[in-house]
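Hello,

Here is the structure I said I would pass on. My notes on it follow below.

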Amino acid sequence: MGLFDGLRRGREAQFDSGDASTNAIELTKRRAQISLTKQGAATGHLRVNLSWRMRTSDFGGSQRESLLRHPFRALKPPEVVGHSQSMVNVDLDLGCLYELQDGSKGVVQPLGGYLGETNAAPYVKLSGDDRFGSASGETMYINLDHRDHIKRLLVFVYIYDQTPAFDRAHAIVTLYPSNGPRIEIHLDERQPQARSCAVVMIEKVKNEIIVRREAKFVYGFQAELDRLYGWGLQWGRGYKTRVDR
């Protein structure tokens, strides 16, 4: 029996249609998965976006005093105000562990320049690397027209070479299917020491493309996520370059 098979038909329809005010479905612990196939969205490009902003509570009294002295700073967007402070220097990266039906495995991520491809294996491509959490964030594309080649995809987020700060950065991973409402996963759990988070699993289960919320924080990096989900890859130290954008 599927996770939502026991729900009353009315509640299931309400969930599938998303929030009428935002046209979005939020995956939570209680409602952790959805079928793209049943939504009629198992084809075309699935866009995955990572965006984040710093929690306003981190700015505290010092920012309030600063606004009293310099009232025009209140006109700045929150991201601009936040990035003027060294304490919020957080670089979140979006990545994806993939396993295809032919057994091939690998990773798509900014680190090392493994940006992937959409029209060839692994049918996942990362577009750029946003190091400042701008409104556009980081975006990944998954070509579901090749869904028969895909076994499972684990979308994850990690903090590159900075102090762990998942507890200060309010991050959201949003999936934009080819049809129907967008799907949101909020990474708002307080995990101050975590450096990586397995966000969502996308896998083929009995001819359906299932999206399942994971939201599992770990203290290490990709190798620890690998061990947690049994990917079996070999990992080494990697670095970003100036052209990895």
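Contacts of Val-155

Apart from residues within four places of it in sequence, Val-155 is in contact with Val-48, Leu-94, Gly-95, Cys-96, Cys-197, Ala-198, Val-199, Val-200 and Ile-202. Please keep in mind that this is a predicted model. Val-155 belongs to strand 9, which covers residues 150-159. Its relative accessibility is 0%, so Val-155 counts as buried, the limit being under 20%. One of its contacts is Leu-94: the two residues are 61 positions apart along the chain, and their C-alpha atoms are separated by 7.4 Å.

Leu-94 also leads to strand 8. The backbone nitrogen of Leu-94 lies 2.9 Å from a polar atom of the Glu-138 side chain. Glu-138 is in strand 8, residues 138-143. Is Glu-138 buried or exposed? Its relative accessibility is 0%, and Glu-138 therefore counts as buried.

Arg-152, also on strand 9

Strand 9 holds Arg-152 as well. This arginine counts as buried because its relative accessibility is 14%, where buried means under 20%. What does its side chain reach? A polar atom of the Arg-152 side chain lies 3.1 Å from the backbone oxygen of Tyr-229, and the side chain reaches the backbone oxygen of Gly-230 at 3.4 Å. Tyr-229 and Gly-230 are also among the contacts of Arg-152 when neighbours within four places in sequence are left aside. The others on that list are Leu-97, Tyr-98, Glu-99, Met-201, Ile-202, Glu-203 and Trp-231. Ile-202 is listed for Val-155 and for Arg-152.

Val-211 and strand 13

Val-211 is found in strand 13. With a relative accessible area of 0%, Val-211 is buried. Not counting residues up to four places away in sequence, Val-211 touches Leu-27, Ala-32, Gln-33, Ile-34, Leu-36, Leu-175, Val-200, Met-201 and Ile-202. Of these, Leu-175 is 36 residues from Val-211 in sequence, and the C-alpha atoms of the pair are 9.5 Å apart. Val-200 and Ile-202 appear here and in the list for Val-155.

Strand 13 runs over residues 208-218 and includes Ala-215. Phi of Ala-215 is near 50 degrees, a positive value in a residue other than glycine. Ala-215 is buried, its relative accessible area being 9%.

Backbone geometry between strands 6 and 7

Most peptide bonds are trans, and most residues other than glycine have a negative phi. Which peptide bond is cis here? The bond from Ala-121 to Pro-122 is cis, with omega near 10 degrees. Pro-122 sits in the loop between strand 6 (116-117) and strand 7 (124-127). Tyr-123 is in the loop between strand 6 and strand 7 too, and its phi is positive, near 65 degrees, although the residue is not a glycine. At 11% relative accessibility, Tyr-123 counts as buried.

Cavities

Rolling a probe the size of a water molecule over the atoms shows where empty space is left. How many cavities of 30 Å³ or more does a search of the whole structure find? The search finds two. I looked at the lining of the second largest, which has a volume of about 30 Å³. The residues lining it are Ile-25, Ile-34, Leu-36, Gln-39, Ala-41, Pro-177, Asn-179, Gly-180, Pro-181 and Ile-183. By class, this lining divides into seven nonpolar residues, three polar and no charged. Ile-34 and Leu-36 from this lining are also touched by Val-211, so you may want to view the cavity and strand 13 together.The chain as a whole

The chain has four helices and 13 strands. Buried residues make up 47% of its 245 residues. Among contacts with a separation of 6 or more, 68% are between residues 24 or more positions apart. The chain exposes about 12,800 Å², and carbon and sulfur atoms supply 48% of that area.

Regards

Terms used: Residues are numbered from 1 along each chain as its sequence is written. This is a predicted model: local features need pLDDT of at least 70, side-chain atom pairs count only at pLDDT 80 or more; totals for chains, interfaces and linings use all residues. Side-chain values use heavy atoms; hydrogens and water are left out. Helices (H or I, at least four residues) and strands (E, at least two) are DSSP runs, numbered from the N terminus. Buried means under 20% relative accessible area, exposed over 50%, partly exposed in between (1.4 Å probe, protein chains only). Contact means heavy atoms within 4.5 Å. Accessible areas come from the Shrake-Rupley method with a 1.4 Å probe; for residues, only the protein chains shown count as cover. On a 1 Å grid over the protein atoms alone, a cavity is a set of points where a 1.4 Å probe fits but cannot get out, and a pocket is an open set with protein on both sides within 12 Å along at least five of seven lines; lining residues have an atom within 4 Å of a point. Grid points are joined across faces, edges and corners, and a volume is the space filled by probe spheres set on the points. Ala, Val, Leu, Ile, Met, Phe, Trp, Tyr, Cys and Pro count as nonpolar, Asp, Glu, Lys and Arg as charged, and the others, Gly among them, as polar. A polar contact is a pair of N or O atoms within 3.5 Å; within protein, one must be able to donate a hydrogen and the other to accept it, and residues adjacent in sequence count only if both atoms are side-chain atoms.
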